[in-house]
Amino acid sequence: METKFCQSCAMPLTNLEDAGTEKDGTPSVDYCIYCYKEGHFTSEVSMDEMIDHCAGYLVEYNKDAEQELTLEQAKARMREVFPKLKRWSGNA
């Protein structure tokens, strides 16, 4: 089964508890709980602001990985991925 990712911050959506909610309270299939609630984004930020906010979490998440990322490496990877996400590609 392929892992889905939040189409705003790229967080893995590995279980239903990670999903944001639509206006009717149903789980969002595209966005996480941190980015999307009750059918709206939880903050109005630019893609660059979202990358700055999330980069530290990626560094922390990957600190036990075989190849540890620096903050700048995390941001560089996010700059490659984020433009393809639904929110930032203009398809939200």
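Visitor: Why is lysine 75 called buried?

Guide: In this predicted model, lysine 75 has a relative accessible area of 13%. Buried means under 20%, so lysine 75 earns the word.

Visitor: What makes lysine 75 and aspartate 52 a salt bridge?

Guide: Their side chains meet at 3.3 Å, N to O. The cut-off is within 4 Å, so the pair counts. Aspartate 52 sits in helix H1, residues 47–61, and lysine 75 in helix H2, residues 71–81. The two are 23 residues apart, and the pair links distant parts of the chain.

Visitor: Why is aspartate 52 called partly exposed?

Guide: Its relative accessible area is 47%. Partly exposed lies between under 20% and over 50%, so the label fits aspartate 52.

Visitor: How many salt bridges does the structure hold?

Guide: There are 2. One of them joins the side chains of aspartate 30 and lysine 86, at 2.7 Å, N to O. That value is within 4 Å, so this pair counts too. Aspartate 30 belongs to strand S4, residues 27–32, and lysine 86 to helix H3, residues 86–89. They stand 56 residues apart.

Visitor: Is aspartate 30 buried or exposed?

Guide: Buried: its relative accessible area is 18%, and the limit is under 20%.

Visitor: Why is lysine 86 called partly exposed?

Guide: Lysine 86 has a relative accessible area of 27%. That is not under 20% and not over 50%, so it is partly exposed.

Visitor: Where is confidence lowest, and where highest?

Guide: Confidence is lowest in H1, at a mean of 90, and highest in strand S5, residues 36–37, at 98. The chain has a mean pLDDT of 91.

Terms used: Residues are numbered from 1 along each chain as its sequence is written. This is a predicted model: local features need pLDDT of at least 70, side-chain atom pairs count only at pLDDT 80 or more; totals for chains, interfaces and linings use all residues. Side-chain values use heavy atoms; hydrogens and water are left out. Helices (H or I, at least four residues) and strands (E, at least two) are DSSP runs, numbered from the N terminus. Buried means under 20% relative accessible area, exposed over 50%, partly exposed in between (1.4 Å probe, protein chains only). pLDDT is the predictor's confidence in each residue, from 0 to 100.
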